[in-house]
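Me: I'd like to learn how to read a contact between two domains. Could you walk me through one?
Reply: Sure, let's pull one up and take it step by step.

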Amino acid sequence: MAARDGGAVDDVACDLLLVSGGWNPAVHLYSQARGRLAFDTSLGAFLPTGRLDDLLVAGAAAGAQDLATCLRQGGAAAATALVELGLDVVPVPVPSTPPAPPATAPDLVWTVPDVDGDTSRQFVDLQRDATVADVQRALGAGLRSPEHVKRYTTIGTAHDQGKTSGVVTSGIIAELLGGGPDDVGTTTFRPPYTPVAFATLAGRDRGQLFDPVRTTALHDWHVQAGAVWEDVGQWKRPRYYPLAGEDVETAVLRECAAARTSVGILDGSTLGKIDVQGPDAGELLDRLYTNLMSSLAVGKVRYGVMCGADGMVIDDGTVLRVAEDRFMVMTTTGGAAKVLDWMEEWHQTEWPELRVHLVSVTEQWSAFPVVGPRSRDVIGAVFGDVDVSNDAFGFMTWQDTVLDGAPVRLARISFSGELAWEVHVSSWHAVAVWERLVEAGRPYGITPYGTETMHVLRAEKGYPIIGQDTDGTVTPQDLGMAWVVSKKKPDFVGKRSFARADNQREDRKHLVGLLPVDRATVLPEGSQVVELGESGELPPPPVPMLGHVTSSYRSAHLERPFALALLKGGRARAGQLVHVPVKGRLVAVEVTGPVLVDPEGARRDG
Amino acid sequence: MADAAPSSTVPLPRTHPLDVRPDLTEQTAGAVVARPLTTAVQVRAELPGPAADAAARVLGVALPARPGTWVATPGGGRVVWLGPDEWLVLDPTTTPWDLEPRLREALAPAGGAAVDVSAQRVVLELSGPLARDLLAAGCAVDTHPSVFPAGRAAQTLLAQAGVVLLALSDDGQRYELLVRSSFARYLADWLVDAATEHRARRA
């Protein structure tokens, strides 16, 4: 530090240095309305030069520096505007204001001389790292206008668009050229002007209100049950329900075991749900899903996959045919809004001739999977009028019933491979139906489980989660689901792309299972998969990456950790050993098919 | 949905997403009241057209054609314009399993659709001198009665929640807010926060 007029230099240690490029009111709207700005030396700022046809300037924008003046000018401008609009002026008393602090004339300092005369360390635009030296170079190249200097130096082109550097640049140019800022002027302010919102400085969107928390109808039940939460978009979903002393691993192993050996229950209400109605409902779904939906009989359920025009999977879920002209489409939780938009876009822009209507019913319906070998006992006990035998209530069918006046829909859908029912009910009655199910399940130790257990159970069956096991570059065939792609339908979104050479390569990444040979390591999700050379060593860098781990868990049923991965030519590698680097060591893993539990599907009928 | 009429004498209990905010009205200086669960059906129809005519016969009033409006039904319900071929029917006097099949049976043969969305949204009533002030704290719609009188409706954001806002009176003192059920608690908490200064003034 040194005095501006010279003298001794002191070093001062500091943690933070605050710098200022001067202050100028936000006069952009005035300038954009073609008002002329003039430099006011008493303020050191560019100010409007008077009113325009439809534009009055008041307060800080007009250079007012104290509250009383701002209030007075604001009131006067408002009164003028009202009179000119032909409206009555209702006098509003101007609140009294504390005395303004004494004003001091600004000291206009555009540059502080560097002790070493090095202008390349005198920063003008702190975002672009542009310095006084850059301005000097621009002027040396013959540029004069701040517009040209801006483009030469990039000053004022970063995040704040010159809010902190614009005026000081004009000042520096004036100083270097010998003149005043008024001679130089400013760059032209172009719309849009993005103000710093008051909310940024002092808003109420903080704490609990920072981002909306979406809750299901069962939220309070989950709270009471001690759920640990997972944020899924804006939804709060129970991740697991620890008992006293349990950590996540123990709790999830317990929940998984309950679903595989007795019965568990999940709040699946966040799943997206779309009501599709009209004589062409089946036709619309045929064009958007890879498989045939119009052939589904009323009373039945079918799993479907949707792809983008590029043939890559964008969503999946089950579809219930509710009536000849009505389907209920279930989407992933994260895909709910996106899939409805997607369906509407195709319907409205490409196929407006289809007689079909789409309505979101995500929050209308609560949905609870009741899962496990004892689920039949629980469903049978709560819904006494429903024959829950396999013969009367087959897999992938649904039936309606009424529980004490409330309509309920039961569907035999399984995301775990176990015998399971999804219970669909109006969210009005969600708590009551859930409580009945839990009560009826008590003799079997019914276990509420969260998203973590749901993920493990489905991964053990090789069911992908779209967005976790896929990343927008994965086809249904890559997932091993060629069976879900119709060969009969003349066309559907994505069909043509499946014929592209790149989508037919043998060495595309396939979804496979991985079993760590040590039966102990839980591979971190996202880990790369590599292959050792013939020497038994890693090849020299860059080591070819064969794919990555997409899901990884400990399995209660397998009594070992397992993972799903996208692996180059993965299906042909079944039985091979590959390696996954984990914290500096290579873990040997065996490549398997993605279905690790009950590959023959014997469990789904109980 | 099953058209089986409720048979039990003890109906299955219902829960309201805002049951857990019993002091909402007090905390908003009297301005906000959570309305009871209300039957609501979304109606799709081409207008003009036979499905719209069928809807009008069931509801006793024509579907409003003008964007951003709602009309009352003779039975004390409302029909809210949501889009060129989309309306929301609110009817506190009937049940979802009565209204949806009645509308669907009338509309479907004429190319329209009707979907029970009763549990999809929660209805809040805003009233009194603070109503507009609370709305202004988080809503960009001009609610001045000169431009937003009784019969107007807007689909907009209040804070960070999508809402349907209905003006019920010409004096800027009565509104209804429809919010997605999953956002109801967020919005209630936001309204309580927005009422902080009024609460303080009352005290």
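Me: How much area do domain 1 of chain B and domain 2 of chain B bury between them, and what share of it is on carbon and sulfur atoms?
Reply: The size of an interface is often given as the accessible area lost when the parts come together. Keep in mind that this is a predicted model. Here the two domains of chain B bury about 1300 Å² between them, with 51% of that on carbon and sulfur atoms.

Me: Where do the domains of chain B run along the sequence?
Reply: Domain 1 of chain B covers 21–37 + 120–203, while domain 2 takes 38–118. The contact draws 15 residues from domain 1 of chain B and 16 residues from domain 2 of chain B. As for spacing, their C-alpha centres are 24 Å apart.

Me: How many salt bridges are there between the two domains of chain B, and which residue pairs with B:Glu176?
Reply: The count is one salt bridge. B:Glu176 forms a salt bridge with B:Arg78, and their closest N and O atoms sit 3.0 Å apart. Polar contacts between the two domains of chain B come to ten residue pairs.

Me: Which elements of domain 1 of chain B give two or more residues to the side that touches domain 2?
Reply: Those are β7 (121–127), β8 (153–158), β9 (161–167) and β10 (174–180) of chain B. The largest share, three residues, comes from β9(B).

Me: And how do the residues on that side of domain 1 of chain B divide by type?
Reply: They split into nine nonpolar, three polar and three charged.

Notes. Residues are numbered from 1 along each chain as its sequence is written. Chains are lettered from A and ligands numbered from 1 in the order in which they are written. This is a predicted model: local features need pLDDT of at least 70, side-chain atom pairs count only at pLDDT 80 or more; totals for chains, interfaces and linings use all residues. Side-chain values use heavy atoms; hydrogens and water are left out. Domain bounds come from an automatic or database domain assignment. Contact means heavy atoms within 4.5 Å. Buried area is the accessible area (1.4 Å probe) that two parts lose on being put together, summed over both. A salt bridge is a side-chain nitrogen of Lys or Arg within 4 Å of a carboxyl oxygen of Asp or Glu. A polar contact is a pair of N or O atoms within 3.5 Å; within protein, one must be able to donate a hydrogen and the other to accept it, and residues adjacent in sequence count only if both atoms are side-chain atoms. Helices (H or I, at least four residues) and strands (E, at least two) are DSSP runs, numbered from the N terminus. Ala, Val, Leu, Ile, Met, Phe, Trp, Tyr, Cys and Pro count as nonpolar, Asp, Glu, Lys and Arg as charged, and the others, Gly among them, as polar.
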